[in-house]
Amino acid sequence: MISGIGRVAIGLACLLVPLSLSSCNRPAHPVEEQTVVNPDEWPSWGRTGSETHYSPLDEIDTGNVGKLKLAWHFDLEPGYTPSTPLMAEGKVFITTGHSHIRALDAVTGKPLWEYDGGTRDRATSSLQLTWGNKGIAYDTGHVFLVTTDGFVISLDAKTGKEVWKTMDFPDTAPRNANGAPRVFGGKVITGFGGGDISPARGFVSAYDAATGKLAWRFYTTPGDEVTPTNRKAEDLMRRTWPGGWKNPDGTRRGGGGTAWNAFAYDADLRLVYLGVGNGFPYNQKLRSPEGGDNLFLASVVAVDVDTGEYRWHYQICPAEQWDCTATADMTLATVELEGKARKVLMQAPKNGFFYVLDRATGEFLSAEKIAKVTWAERIDAKTGRPIENPGIRYNGKPGMFEMWPGPTGAHSWQPQAYSPQTGLVYVPIMELPALIGEGQEGGGEVSAGMGVTLIPEVELPGGHKSYLKAWNPATQAEAWRVDLPGTWPGGVMASAGGLVWQGQMDGKFVARDAKTGKELWSFKTESPIVGAPITYRVNGRQYVTVLTGAGGQGAGMQTLGNAMYRTDYRLPRRVLTFALDGRDSIPPFEVPPLVPVSDPDFKPDLARAQAGAMLFGTRACIVCHGWNAVAGGAAPDLRYSPAITDAATFRTIVKDGGFKMNGMPPFPQITDPELETLRFYLRSRAQSAPAEQKALLEKAKAARRSNAKPQDFAGKWNITIQSPVGPQKAIMDLNVSGNVITGKVVAEQGSVDLAGGFKNGRAKLEGKASMPMPITITYDVTVRDGELTGDNSNGPFGTFPVTGVR
């Protein structure tokens with residue numbers, strides 16, 4: 001038996017000299033030294049500056065992972081938990097809620113200290129109380145956090161006491177810091193979000209890790225303040241905003257470029273890589289009327305770690321106007337391309353392509369589609385610029401355009417992982433389209449001033465799917481894929497035992513064979529898992545840790561596709577740690593049933609419910625409580641909340657801030673009539689919720705085929721559609737000729753002509769309508785025991801159950 005020390009020594013030898021030791025399991029790609037520093041620990045978001053989310057530990061491997069058991073667990077309060085823990089000094093450090101930091105003993109899970117960042121006491125805006133922190137950082141005896149309202153803080157890792165604290169935000173522009181800070185080259189690197197609601201100028205700050213003194217600040221869009229450090233970048237940016245970024249009155253017209261999530265570091269080159277976000281307004285004609293590429297929006301930018309000076313950039317979406325961002329994590333590795341070892345940066349950003357860049361120079365090397373893409377045909381191999389598809393630039397054009405991926409992206413902030421053993425990158429991928437068009441009177445703008453009509457949660461064929469994809473960056477080809485439940489996949493980790501680890505929306509924590517994707521082990525939890533796991537070693541024993549809990553979706557998207565899974569805000573959230581000889585267990589938990597609220601005085605009013613739906617969408621409610629009020633786990637599902645049935649209680653919570661300390665900000669700007677209209681909409685949704693839930697459960701059953709015959713569908717049907725604003729009555733009149741079915745649906749709002757066919761016992765029909773933009777209405781129905789049942793997809797607004805009788 002090899003001792004723990006011996007195992008470490010042999011493992012490091014195999015990793016450091018992979019080409020000279022034939023007895024070692026030689027990796028497919030060279031392992032860079034940065035990835036084997038402190039192999040027992042996980043001190044940073046991606047473990048090292050290379051952001052590989054890879055560990056060289058191999059005690060747990062493909063042969064014995066089936067014996068993995070729970071070693072310890074720690075119960076958490078309700079709140080935000082889709083975060084990545086850290087491990088150093090024999091402690092596991094976690095962040096939950098709004099900068100609530102805990103240190104736990106890495107072997108036993110015993111709590112050692114905790115620290116509250118104080119955001120909920122100080123918060124003055126809803127943005128400061130939206131999504132919580134996704135991660136923290138550790139370096140040389142200190143834990144670093146950035147609160148959602150902008151304080152950068154250093155804590156003593158032994159005691160949890162503050163060492164220094166400084167405010168990063170220079171003014172009152174709306175900002176939110178929720179990504180994990182990094183410590184690179186002795187600097188604490190941090191950014192912020194807010195580019196969806198304000199033209200505020202984006203920037204990245206670097207603070208001295210020992211003192212908290214600002215070392216440098218790199219601006220990502222042009223502005224009046226130009227420091228010697230930023231002069232070269234400023235000159236370059238200004239040329240790409242030919243009409244400037246200001247209104248005639250001197251106020252800021254265009255901005256954004258927030259870098260809220262992705263950073264990486266090459267210690268040899270002394271370069272920090274920044275992943276930069278979208279512009280505001282989304283509509284470039286409003287942001288930059290004279291055009292231009294608008295640097296550094298949607299770009300990867302390399303800066304000097306010591307000075308913050310610009311070195312190079314690559315822009316993934318020139319003149320972006322679709323919420324196209326480069327904020328997904330960036331992975332550094334050495335990859336063999338055309339017979340040469342190249343030090344590269346790899347990213348799968350929102351826009352659906354997988355990019356490989358030379359990380360010393362920024363040279364574009366390759367890019368291929370990793371998901372369905374309709375906004376661009378390809379990336380030009382010579383220029384590195386996208387070849388855009390006609391019509392995708394919506395300015396001045398009527399109607400709306402189908403866009404894949406939508407603003408949630410093919411890959412969001414959930415970490416990808418890279419294994420040098422296989423040479424593969426493991427990316428959590430989503431297939432999610434949107435409808436987008438120029439802003440128009442009456443709606444579609446999720447936040448005021450965006451300049452676009454945007455429906456981000458769209459029901460289209462082939463959408464609402466997610467995968468774990470193993471991608472070969474050398475060949476730009478898929479190695480394997482695994483279908484995942486729901487549409488919000490968890491973050492990924494790879495380890496030297498030949499394993500890939502990921503949590504799922506159905507509550508399973510899974511270990512797969514890194515070469516094939518085959519599931520080798522799983523553990524069922526009561527809650528979804530979104531945050532990425534880590535692995536570490538203490539006294540020769542390897543552990544794997546993950547936090548459970550849903551959340552992390554932006555702007556209320558990513559909820560309809562997960563509606564069949566319980567993502568409840570108050571489901572148990574825990575820190576789970578596993579080892580090969582674990583002996584812990586979790587007490588039994590029975591998921592409580594969804595109980596509809598009692599509201600006997602409710603009387604339907606379609607017009608009022610529709611007005612409430614607009615308020616729900618434009619007053620930031622969907623940000624936490626979900627599209628169509630279908631919650632995604634970050635906040636309570638209001639369709640089942642008794643608070644919506646009492647006007648005084650609803651006012652106390654929503655307008656007066658009665659639940660501020662629970663994370664619910666006050667909205668004093670909502671008028672009393674608006675408040676009641678909003679409450680009426682939620683009462684309408686509560687009425688529809690039981691039928692929707694029943695339809696989802698029936699849809700999830702394996703046997704969806706029917707023995708109905710084509711002639712069973714002919715004739716007139718009184719149908720009821722459980723829409724987001726209450727049950728809608730209509731008449732469906734169908735004609736059948738062979739397997740061809742045509743007809744019409746007539747309702748109070750108008751009529752729709754339908755055409756389609758019969759197959760496998762089901763009728764699938766489609767028609768066009770205008771609400772006010774053109775949309776497609778589809779029906780997927782069958783007949784059982786003389787009753788018509790199925791789904792109505794009301795364009796982009798969702799899929800809802802339909803029932804009917806003759």
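Reader: In the hairpin of β38 and β39, which residue takes a positive phi?

Author: Asn539 does, with a phi near 55°, and the hairpin has 2 residues between its strands. This is a predicted model, in which local features need pLDDT of at least 70, side-chain atom pairs count only at pLDDT 80 or more, and totals for chains, interfaces and linings use all residues. Residues are numbered from 1 along each chain as its sequence is written, while side-chain values use heavy atoms and leave out hydrogens and water.

Reader: How do you know that β38 and β39 pair?

Author: Two strands pair if DSSP finds at least two bridges between them. Strand β38 (residues 534-538) and β39 are joined antiparallel over 5 bridges, so they meet that rule. Within this pairing, Tyr536 stands opposite Tyr543 in β39. The strands themselves are DSSP runs of E with at least two residues, helices are runs of H or I with at least four, and both are numbered from the N terminus.

Reader: What makes β39 and β40 a pair?

Author: They share 4 bridges in the antiparallel sense, against the minimum in the rule, and therefore count as paired. Strand β40 covers residues 573-579, and its Thr577 is the bridge partner of Thr545.

Reader: Why is strand β39 called mostly covered?

Author: Of its 7 residues, 541-547, 6 are buried. Buried means under 20% relative accessible area, exposed means over 50%, and partly exposed lies in between (1.4 Å probe, protein chains only).

Reader: What makes Arg201 and Glu234 a salt bridge?

Author: The term requires a side-chain nitrogen of Lys or Arg within 4 Å of a carboxyl oxygen of Asp or Glu. The closest N and O atoms of Arg201 and Glu234 are 2.9 Å apart, so the pair qualifies. Arg201 lies in the loop between β12 (187-190) and β13 (203-208), and Glu234 in helix α3 (residues 231-239), so the salt bridge ties together parts 33 residues apart in sequence.

Reader: Are Arg201 and Glu234 buried or exposed?

Author: Arg201 has 10% relative accessibility, which is under the limit, and therefore counts as buried. Glu234, at 1%, counts as buried too.

Reader: How do you know that Lys508 forms a salt bridge with Glu519?

Author: Their closest N and O atoms are 3.2 Å apart, which is within the cut-off, so the term applies. The pair links distant parts of the chain, 11 residues apart: Lys508 is in strand β36 (residues 508-513) and Glu519 in strand β37 (residues 519-524). Lys508, with a relative accessible area of 21%, is partly exposed, and Glu519 is partly exposed at 34%.

Reader: What else joins β36 to β37?

Author: They pair antiparallel over 5 bridges, and Ala511 stands opposite Trp521 in β37. Both strands belong to an open sheet of 5 strands in the order β1-β34-β35-β36-β37, with mixed pairing. Its edge strands are β1 (54-55) and β37, each of which pairs on one side only.

Reader: How many aromatic pairs does a search of the whole structure find?

Author: The search finds 27. One of them, Phe169 with Phe192, is edge-to-face, its ring centres 5.8 Å apart and its planes at 65°. Rings of Phe, Tyr and Trp (its six-membered ring) pair if their centres lie within 6.5 Å, and planes under 30 degrees apart count as stacked, over 60 as edge-to-face and the rest as tilted. Both Phe169 and Phe192 are buried.

Reader: Why is the pair of Phe509 and Phe578 called tilted?

Author: The ring centres are 5.7 Å apart and the planes stand at 35°, which fits neither the stacked nor the edge-to-face range, so the pair is tilted. Phe509 lies in strand β36 and Phe578 in strand β40, so this pair ties together parts 69 residues apart in sequence. Phe509 counts as buried at 0% relative accessibility, and Phe578 is buried with a relative accessible area of 0%.

Reader: How do you know that the charged end of Arg481 sits over the ring of Tyr467?

Author: A charge sits over a ring if NZ of Lys or CZ of Arg is within 6 Å of the ring centre and within 35 degrees of the ring normal. For Arg481 the distance to the centre of the Tyr467 ring is 4.7 Å. Arg217 likewise lies over the face of Phe203, at 4.3 Å from the ring centre.
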